[in-house]
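Here's a quick tour of one model, with a look at its main pocket and a couple of residues tucked inside. Have the structure open as you read.

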Amino acid sequence: MTSTFPNISISTERLVLRPLDEDDVPALTEMMNDEQVAAWTDVPRPFTRAVAHTWITEYAPAQRTGGHGLDLAVTEFLTQRLVGIVQLGRTNWHIRSTELSYIIAPWARGEGYASEAALATAQWLFGDQKFERIELRTAAGNTASQQVAQKIGCISEGVLRNACIAHVRADDGTWSDLRTDFIVWSLLPEDLEGAAEQLADSSGFTSYSDWN
């Protein structure tokens, strides 16, 4: 059985998830320099066009061909505008498990794109790739990411205490590290039942008070 991800595209009603290409450099650079992205991820700060180019031409292809993960651009079907990325990592081909993460550009938030892209990726992993487990890790304070995990049917499994480094920007523009917890979520094939219908009937987010 294969131990690398194929070079594929995934389509939904509104989105196309496809491999990153060099035309994405400007939009990817702008997206990754957003303050929320800097706060909750470990992307370089500042995120330059050179970094974006290296990611697209070297890092992402190496991740895929090495069997470690997959990086997909999330684009609008009608406009072809880049609205985010979906990443797979920590892939274990023996147990058919991988970790999923997502970033949505500031100009595309509030549209339910993260839930739609994550759900489509999960359906592809469980269906075409025969995976048995998807894991998500969300920082304790990142409520938007937690809502996405819940919306696609993930189950909260527990907390990894002090396992995450978030970032806080001071008034003078400097960044400092803030240690916090990771919330671990899992998604199994049977968890997807009804998730697509629920997502289609809502705005793509649920309230934080309903989080498992």
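Helices and strands here are DSSP runs, a helix having at least four residues and a strand at least two, and they are numbered from the N terminus. Keep in mind that this is a predicted model.

With that in hand, let's find Asp24: it sits in the loop between strand 2 (15-19) and helix 1. Is Asp24 buried or exposed? Asp24 counts as buried because its relative accessible area is 6%, and the cut-off for buried is under 20%. Leaving out neighbours within four places in sequence, Asp24 is in contact with Arg18, Pro19, Ile56, Ala73 and Leu82.

Thr29 belongs to helix 1 itself (residues 25-32), and Thr29 is buried too. Here are the two side by side:

| Residue | Relative accessible area |
|---|---|
| Asp24 | 6% |
| Thr29 | 10% |

Not counting residues up to four places away in sequence, Thr29 touches Phe47, Thr48, Arg49 and Ala52. Take Phe47: Thr29 and Phe47 are 18 residues apart in sequence, yet their C-alpha atoms are 6.1 Å apart in space.

Now for the pocket. The largest one has a volume of about 1,200 Å³. It is lined by 41 residues, and the closest to its centre are Trp40, Thr41, Ser101, Tyr102 and Ile103. Which element gives the largest share of that lining? Strand 5 does, with 6 residues. Other elements that each supply at least two lining residues include helix 3 (49-65), helix 4 (113-127) and strand 7 (155-169). By class, the lining has 23 nonpolar, 11 polar and 7 charged residues.

Terms used
Residues numbered from 1 in each chain as written. Predicted model: local features only at pLDDT ≥ 70, side-chain atom pairs only at ≥ 80, totals over all residues. Heavy atoms only, no water. Buried < 20%, exposed > 50% of the residue type's maximum accessible area, 1.4 Å probe, protein only. Contact = heavy atoms within 4.5 Å. 1 Å grid on protein atoms, 1.4 Å probe; cavity = no way out; pocket = protein on both sides within 12 Å on 5 of 7 lines; lining within 4 Å. Points joined across faces, edges and corners; volume = space filled by probe spheres on them. Nonpolar A, V, L, I, M, F, W, Y, C, P; charged D, E, K, R; others polar.
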